[in-house]
Amino acid sequence: MKAVVVTQFGLNNAQISEVTAPILTEDGVRIRVQSSGVSFANLLVIEGKHQNRWEPPFTPGTEIAGVVEECGPAVTLFQPGDRVVAGVRTGGFAQEVVAPQRNVFALPASVSFDAAVHFPTIYATAYGALKWRAQLQAQETLLVHGAAGGSGLAAIEIGKKLGARVIASSSTDAKLRVAEEHGADVLINYKQGGFREAVLAATDGRGADVIFDPVGGGTFDESLRCIAPDGRIIPMGFAGGTIPTVPANIVLVKNVTIIGIYWGYYMGWARQSPPPAMEQKVREAFSELLGWVAAGELRPRTHQAYALADFKEALSALSAQSVIGRSVLHP
Ligand SMILES: NC(=O)c1ccc[n+]([C@@H]2O[C@H](COP(=O)([O-])OP(=O)(O)OC[C@H]3O[C@@H](n4cnc5c(N)ncnc54)[C@H](OP(=O)(O)O)[C@@H]3O)[C@@H](O)[C@H]2O)c1
């Protein structure tokens, strides 16, 4: 099969190669990949800068959707021909993957493969972060940074589903218009003097109750200056390139809770496994999310679909901050 192979860290050291298809495991589902998500995290993995570090040679890619080709003997939920979406630890930029059954989810007939790849990480992370971890309540104010990125748009839509008022912060008015189309109530272009004053103005001086931050660095620091008392901040990614440092004195005086989330833990990819009941909880979350998208209540936005061979162009657009939503590869 064809796959993207990284022979040394760095995007320039990745190329398309003919490789052996992955071996089917006992609980594995072999999937012919129709669409594969192109994420900022892929870029970090390729550059050797992600917490999930693979030694070259490896094939990147973590979000795929396609058709089941064959199943290992322990697989009970799927059969050849099923349309599915899956999260994989790596290997998604390829024509075939083998994913353990616990990371594979049935795809409703009305949901396209391109829409599906928005779910294994970005909608799932937004759901886990806002619903499980921050316990965002209806009527609370949610501030979403990187609002037109993959994670940002997903957080806006999940925030609205949970009944919150959503403030979107982004670098351009064009991105903010898309954030508005996806449900944001208040739009802030942070290039025009930052976002603190605008957030305070939009909340009668109180600040945001929950802040979803995929950017980090100075964005995190400024967030602590416009968070409401008893607020929760979720530093869920560092697309800006700097991992922020938490000033414990501000956390203390403002009664702030800093909430971590690594979605991979719930998928069973961390060093410590989640409790066994988590597998069912994750399956129920996917069922709810995919039910919402099938009902038209979530609207994943595909920025652009590329051929597998154009993966470098697709990934470079992320560093240029020009992607709105998620781009996909068609292996
Ligand atoms: N914790 C988890 O389990 C989890 C799950 C998924 C993703 N993540 C992480 O979340 C982060 C965002 O992922 P994503 O897929 O949403 O990325 P994305 O689609 O590229 O969006 C990131 C956004 O960050 C903003 N940004 C600010 N400075 C940037 C810079 N120097 N380069 C690129 N973007 C910059 C951009 O918005 P503006 O132009 O509006 O500023 C961009 O739209 C990544 O670090 C990823 O690893 C974590």
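**Stop 1: L290 in helix α10**

Select L290, which in this predicted model counts as buried, at 3% relative accessibility. The residue belongs to helix α10, which covers residues 277-294. Next, display A106: 184 residues separate A106 from L290 along the chain, yet their C-alpha atoms are separated by 8.8 Å. What else is in contact with L290, once its neighbours within four places in sequence are left aside? Besides A106, the contacts are V85, F105, L107, P108, V111 and F119.

**Stop 2: The whole chain**

Now zoom out to the full protein chain, in which 11 helices and 15 strands are found. The radius of gyration is 19 Å, close to the 20 Å that the globule rule gives for 331 residues, so the chain is as compact as a globular protein of that length. The C-alpha trace spans about 60 × 40 × 35 Å along its principal axes.

Switch on the surface. The accessible surface of the protein chain is about 13900 Å², and carbon and sulfur atoms contribute 50% of that. Of the 331 residues, 54% count as buried. Among contacts with a separation of 6 or more, 68% come from residues 24 or more positions apart; the pair L290 and A106, 184 residues apart along the chain, was met at the previous stop.

**Stop 3: Two domains**

Colour residues 2-118 together with 287-330 as domain 1, and residues 123-261 as domain 2, following the domain assignment. How far apart are the centres of domain 1 and domain 2? Taken over C-alpha atoms, the centres are separated by 27 Å. Where the domains meet, domain 1 supplies 15 residues to the contact and domain 2 supplies 18 residues.

**Stop 4: The nonpolar cores**

Keep the domain colours and show the side chains of L130, L142, I156, I158, F212, I234 and V282. These residues touch the most other members of the largest nonpolar core, which has 57 residues. Why does this core lie between domain 1 and domain 2? Both domains give residues to the core, so it lies between them. In soluble globular proteins, nonpolar side chains tend to be buried together.

Centre the view on F212. Leaving aside neighbours within four places in sequence, F212 is in contact with A126, A129, L130, L142, L143, V144, H145, S151, A155, I234 and M236. Then move to V6, L43, I46 and F311, which are among the 19 residues of a second, separate core.

**Stop 5: The loop between α3 and β8**

Select E140, located in the loop that runs between α3 (119-133) and β8 (141-144). Is E140 buried or exposed? With a relative accessible area of 16%, E140 is buried, because buried means under 20%. A polar atom of the E140 side chain lies 2.9 Å from the backbone nitrogen of Q137. Apart from neighbours within four places in sequence, E140 is in contact with Q135, A164, R165, D209, V210 and R232. For a longer reach along the chain, label A208: it is 68 residues from E140 in sequence, and the C-alpha atoms are 7.9 Å apart.

Remain in this loop and select Q139, which also lies between α3 and β8. Q139 is exposed, at 69% relative accessibility, whereas E140 is buried. Examine the backbone as well: phi of Q139 is near 80°, a positive value in a residue other than glycine. Q135, found in the loop between α3 and β8, likewise has a positive phi, about 50°, although it is not a glycine.

**Stop 6: S171, between β9 and α5**

Go on to S171, in the loop that links β9 (165-170) and α5 (173-181). Its relative accessibility is 13%, and S171 therefore counts as buried. Which residues are in contact with S171, leaving aside its neighbours within four places in sequence? Display N189, Y190, K191 and Q321 to see them.

**Stop 7: A cis peptide bond**

Finish at the peptide bond from P56 to P57. This bond is cis, and its omega is near 0°. P57 is placed in the loop between α1 (40-46) and β4 (63-71).

Terms used: Residues numbered from 1 in each chain as written. Predicted model: local features only at pLDDT ≥ 70, side-chain atom pairs only at ≥ 80, totals over all residues. Heavy atoms only, no water. Helix = DSSP H or I, 4+ residues; strand = E, 2+ residues; numbered from the N terminus. Buried < 20%, exposed > 50% of the residue type's maximum accessible area, 1.4 Å probe, protein only. Contact = heavy atoms within 4.5 Å. Core = buried A, V, L, I, M, F, W, Y, C linked by side-chain atoms within 4.5 Å. Domains from an automatic or database assignment. Polar contact = N/O pair within 3.5 Å; in protein donor to acceptor, adjacent residues only side chain to side chain. Rg over C-alpha atoms; globule rule 2.2 N^0.38 Å. Areas by Shrake-Rupley, 256 points an atom, 1.4 Å probe, with all protein chains shown as cover.
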